[in-house]
Each structure stands twice: as structure tokens, then as C-alpha cells.
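Reader: I'd like a close look at one single part of this model, residue by residue. Start there, then work outward to whatever surrounds it.

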Amino acid sequence: MRQDGRVDAPQIARQTTPHNAVARTVTTERGSFAVLDALPSGDPIATVLLVPGYTGSKEDFAPLLDPLADKGLRTVAMDQRGQYHSPGTPDPAAYSIQELGADLLAVAAQLGSRLHLVGHSFGGLVSRAAAISQPDAFATLTLMSSGPSELPPGPRRSIIEASQPHLHSMGLARIYDAGQDALAKDPTWNPPQEPLRAFLRDRFVSSSPHALEHMGATMLTEPDRTEQLRATQLPLMVLYGRDDNAWSPEAQSDMALRLGAREVIIESALHSPAIENPVDTAAELVRFWTDYPA
């Protein structure tokens, strides 16, 4: 990261990083979920399920797909219910943290037993719910840039609070464009280049406003369930960027201590280590899974 706070140009490919994963649909008793499925050249030594955060998608793990598959891991990144290519529903109950956790368990059941589960940001809260509900479904859980409870005060929380009342009345396209206009007023903002710029807009406007509404509400209200997760006795890792600007590094470090989890800090990364420093992130994930094989 540069002294002005911007991410260096080589890291900007992000969600549009080329990969060999196949886009397909996993059909479960709870509905269909879009995934990117990266297979190793031989028989996989284990399967990994990657879960994105609020406003995110499976592409948030694009830079990790081939490196993890090259290590012999079947690597599956998914869109949660209502995210990007996974269909949503207007039913508010479908987006509770328990129901979204049940979605993960249904996908996991289709992929095989005892997966390595990775949840990024809001996806970490959902992954935690799934692990608490059925710990035997997973070999390990990694919380990536995800905190112990609701999103603390700060710019990210303020954006959710400001957009919530307008998700249905304004429409997602107008909301996204207004947000980009606001960001452009920040002299330190480094706008994405094409094709990333077009992808980010398309992803946001293609998502379900109901998903954004109710997932956003969870981001603002989720309680601390650290002790419940520790009680599962799952092998746990807390991995976050040195300069995370959602949940603070201090809060995540404290959570790791209370969980008895492995704590890993990714240098040159903010809130998205998988796209800001994929080399170190992939290496730390593989190191963790090697110590706790499925």
C-alpha cells in the first residue's frame, strides 16, 4: 500500500482476475446457488467453500481460485441468496442469519463432508451461524475480516444506514451511481478501471434489494456469539488486513484471543485480503488447512 493510502496498481485486477474455475449452479433443497468451482488436476485433497460479504459475490475470491486449486484443493466460491447470480426472495425471514447459515449447510451437503469454510465480512457472520448450528459439517472455519458482532460506527456502517430507506424507492442503479459520485469527491479515492468498473456496477444492480435490505439490517444488529463458536471446538482462524477499515484490527485480535483461534494479519491489505494481497492470503489458508486436514 502506498503512503497516500491507495492500493498499488498491480492489485487492482481484483474481482476480474482471470481464473480456470467453472461457473455453475449448486441445486439444494433450499434453492439454487451460483458458484465458481475450481478443480485441481488430480483428486482433491479437500474441498473449500468461500462465502462473500455484504454487497459481495463469489468473484471476491477470484485471485485465490487457481492458487488454491494448484495446491490440490477443490475451491468453491458462492453467491449467497439474493447476491449477484443467486436468486433472491421478497421473504424477510429467508435472510435471517440462521436461514442463511442453513443455506451454507445445504450447499456444503452437496459438495461433500467436512469442508474448510471461509467467510468474508458478513459472510463470516453467516459462516459462524452455520458452524454453531452444525459444527460436524466443517473441518475448519476461517473468519476473514469479520468481527465478533454488529458493524461498529464508521463509514461502512453509515453507508448502510443511509441506503437502507431507499433500496426500493430509488432503485439499485441510482443508489450505486450516487455512491460513486460521493466517492469521487474524496481526493484519495482511486476509481476502478474497466472491466472492473462495469463489473462492480452490474453486480450491485443485479442483486436483490430484499437481500441488501435484510442482510444490511443484520450487519447493524448481530450480537456477539464468540463463546458459542468457541464451544464448537472447531479449529478456527481469524485472518484480517493490517489496515482493516470495517471491524478494527484490535477488535478482531481480541475476538481471536477469546476464540482461542489462530490469528493472522495480512500486510498491505484493508478489508479484503483475498483481492488486496492474495499471495499471502492463499499461503496462510493453505498453512492452516495443512495443520488441520479434512
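Author: Let's start with strand E4, where Leu-73, Thr-75 and Ala-77 point one way while Arg-74, Val-76 and Met-78 point the other way, and all of them are buried. Buried here means under 20% relative accessible area, exposed means over 50%, and partly exposed is what falls in between, with a 1.4 Å probe and protein chains only. Helices (H or I, at least four residues) and strands (E, at least two) are DSSP runs, numbered from the N terminus. Before going on: this is a predicted model, so local features need pLDDT of at least 70 and side-chain atom pairs count only at pLDDT 80 or more, while totals for chains, interfaces and linings use all residues. Residues are numbered from 1 along each chain as its sequence is written, and side-chain values use heavy atoms, with hydrogens and water left out.

So how enclosed is E4? With 6 of its 6 residues (73-78) buried, the strand is largely enclosed by the rest of the structure.

Next, its partners; two strands pair if DSSP finds at least two bridges between them. Strand E2 (residues 31-38) runs antiparallel to E4 and is joined to it by 4 bridges; one of these contacts puts Asp-37 with Val-76 as its bridge partner in E4. E3 pairs with E4 as well, but in the parallel sense and over 5 bridges, and Thr-47 stands opposite Arg-74. To get from E3 to E4 the chain goes through helix H1 (residues 62-70), giving a right-handed β-α-β crossover. Right-handed means that, with the strands pointing away from the viewer, the path from the first strand over the helix to the second runs clockwise.

E3 also leads us to helix H3, since strand E3 (46-51) is among the elements covering the buried residues of H3. The others include helix H2 (97-111), strand E5 (115-120), strand E6 (138-144), helix H7 (209-219) and helix H8 (226-231). H3 itself is mostly covered, with 11 of its 12 residues buried; among them are Phe-122, Leu-125, Val-126, Arg-128 and Ile-132. As a geometry check, take the expected span of a helix as 1.5 Å times one less than its number of residues. For the 12 residues of H3 (122-133) that comes to 16 Å, and the end C-alpha atoms are 17 Å apart, which agrees.

Phe-122 deserves a stop of its own. Beyond its neighbours within four places in sequence, Phe-122 is in contact (heavy atoms within 4.5 Å) with Pro-52, Gly-53, Tyr-54, Gln-80, Ile-97, Leu-100, Met-215, Thr-218 and Met-219. A nonpolar core is a set of buried Ala, Val, Leu, Ile, Met, Phe, Trp, Tyr and Cys residues joined through side-chain atoms within 4.5 Å. In the largest one, which has 57 residues, Leu-49, Phe-122 and Phe-138 touch the most other members. There is also a second, separate core of 26 residues, including Ala-21, Val-118, Ala-274 and Ala-282.

Follow E6 onward and you meet Ser-145, in the loop between E6 and helix H4 (155-163). Its phi is near 50°, a positive value in a residue other than glycine. Most residues other than glycine have a negative phi, and most peptide bonds are trans. At 0% relative accessibility, Ser-145 counts as buried. Gln-233, in the loop between H8 and strand E7 (236-241), also has a positive phi, near 65°, yet at 71% relative accessibility Gln-233 counts as exposed.

E6 turns up again under helix H9 (residues 249-259), whose buried residues pack against E6, H8, E7 and strand E8 (262-266). Those buried residues of H9 are Pro-249, Gln-252, Met-255, Ala-256 and Leu-259. They cover an arc of only 120° around the axis, taken from the directions from the helix axis to the C-beta atoms, which puts them on the same side of H9. The face of H9 turned away from that side carries the exposed residues Glu-250 and Leu-257. Just after H9, Gly-260 has a positive phi of about 70°.
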